Amino acid sequence: MAAKSVGLPCPDYKRVHQGFKLAYTEMVNKYPCFGFAAKMPNIVWWKTCVRDSFVRAGYEYDEETFEKIFRRIYASFGSSAPYTVFSDSQPFLRWAREKGIKVGIISNAEYRYQDVILPALGLNQGTEWDFGVFSGLEGVEKPDPRIYEIALQRAGNIAPEETLHIGDSMRKDYVPARSVGMNALLLDRFRTPDAEEWRKSGAIVLPDLVAVKELLCSEKSASAC
């Protein structure tokens, strides 16, 4: 779409998608946490990644043309446009906070998620969540257990056994959360084949946040829900 907007033919989706996966992986390995340690500006990190994505897909543009394409891409992914919020997310987060549960977000994401994207999606600090731990701001990312330790500190130095981490990745979410002593469960919204292995390993696996609420309510008195 960005290429078409400047009058160019639409690049092949599969080639660009594959190019992006390779470019993104290389950038994550070279400059983790969106260039945090290298003090690389966020926009430079993404510009390098996007340019390499196109080159790997077989598309090379002159500097002026690429700048126009990149600016459109960067602006789009810094807005609510490309994202969809699951219908159970906002009700669950608000319910949890209404019950006095402190809600935190742990994400391998850049600063715009906290400052721009989540608010644009109607997920606001103070109404849906209390604190965030974002890899682009902290310089550490999942599955490193340190990002979970930061979350415990940010929550007020609470004991890990008093927390519940909800994720959708055994490697990035469940294992590191459990390694620091947190309770944890996994969501399987899309019936991934891996879910059966998750269960065999002892993980609680639920289909959505409605089921998580039901589980939490079943462990408390009915009046608590």
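Buried denotes a relative accessible area under 20%, exposed over 50%, and partly exposed the range in between (1.4 Å probe, protein chains only). Helices (H or I, at least four residues) and strands (E, at least two) are DSSP runs, numbered from the N terminus.

The structure is a predicted model, in which local features need pLDDT of at least 70 and side-chain atom pairs count only at pLDDT 80 or more, while totals for chains, interfaces and linings use all residues. Residues are numbered from 1 along each chain as its sequence is written, and side-chain values use heavy atoms, with hydrogens and water left out.

**Exercise 1. Describe the overall architecture of the protein.**

Step 1. The secondary structure comprises 12 helices and five strands.

Step 2. The C-alpha trace spans about 65 × 35 × 35 Å along its principal axes.

Step 3. Domain bounds come from an automatic or database domain assignment. This assignment gives domain 1 (2-78) and domain 2 (88-223). Their C-alpha centres lie 29 Å apart. To the contact between them (contact means heavy atoms within 4.5 Å), domain 1 contributes 10 residues and domain 2 contributes 14 residues.

Step 4. Of the 225 residues in the protein, 36% are buried. Among contacts between residues at least 6 apart in sequence, 57% join residues at least 24 apart.

**Exercise 2. Determine the strand order of the sheet that contains β4, and place α10 and α12 relative to these strands.**

Step 1. Two strands pair if DSSP finds at least two bridges between them. The three strands form an open sheet with the order β3-β4-β5 and parallel pairing. Because β3 and β5 stand at the edges with a single partner strand each, one side of each has no neighbour in the sheet.

Step 2. Four bridges join β3 and β4 in the parallel sense. Gly 167 is placed opposite Leu 186 of β4.

Step 3. For the angles, axes are lines fitted to C-alpha atoms, for helices over the stretch in contact, and angles run from 0 to 180 degrees between N-to-C directions. Helix α10 lies across β3 and β4 and runs at about 165° to β4. Helix α12 packs on the sheet, where it touches β3, β4 and β5, and its direction makes about 145° with that of β4.

**Exercise 3. Identify the buried residues of α12 and α10, what they pack against, and the contacts at the helix starts.**

Step 1. In α12 (residues 209-218), the buried residues are Leu 209, Ala 211, Val 212, Leu 216 and Cys 217. They pack against α6 (89-98), β3 (164-167), β4 (183-187) and β5 (205-206).

Step 2. In α10 (residues 170-179), the buried residues are Met 170, Asp 173, Tyr 174, Pro 176 and Ala 177. Their cover includes α9 (146-154), β3, β4 and α11 (195-200).

Step 3. At the start of α12, a side-chain oxygen of Asp 208 comes to within 3.2 Å of the backbone nitrogen of Val 210. At the start of α10, a side-chain oxygen of Ser 169 comes to within 3.4 Å of the backbone nitrogen of Arg 171.

Step 4. Gly 181 follows α10 and has a positive phi, near 100°.

**Exercise 4. Compare the settings of selected salt bridges.**

Step 1. Side chains of opposite charge can pair when their charged atoms come close. A salt bridge is a side-chain nitrogen of Lys or Arg within 4 Å of a carboxyl oxygen of Asp or Glu. The count by this rule is 16 salt bridges.

Step 2. Arg 71 and Glu 67 form a salt bridge at 2.8 Å, N to O. Both residues belong to helix α5 (residues 63-76), four residues apart, about one turn of the helix. Arg 71 is partly exposed because its relative accessibility is 45%. Glu 67 is likewise partly exposed, because its relative accessible area is 21%.

Step 3. In the salt bridge of Arg 112 with Glu 110, the closest N and O atoms are 2.8 Å apart. Arg 112 has a relative accessible area of 7% and therefore counts as buried. Glu 110 has a relative accessible area of 2%, so Glu 110 is buried.

Step 4. Asp 173 and Lys 142 meet through their side chains in a salt bridge of 2.9 Å, N to O. Because Asp 173 lies in helix α10 and Lys 142 in the loop between α8 (135-138) and α9, the pair ties together parts that are 31 residues apart in sequence. Both Asp 173 and Lys 142 are buried.

Step 5. A network of salt bridges links Glu 26, Lys 30, Asp 52 and Arg 56.

Terms used
A polar contact is a pair of N or O atoms within 3.5 Å; within protein, one must be able to donate a hydrogen and the other to accept it, and residues adjacent in sequence count only if both atoms are side-chain atoms.
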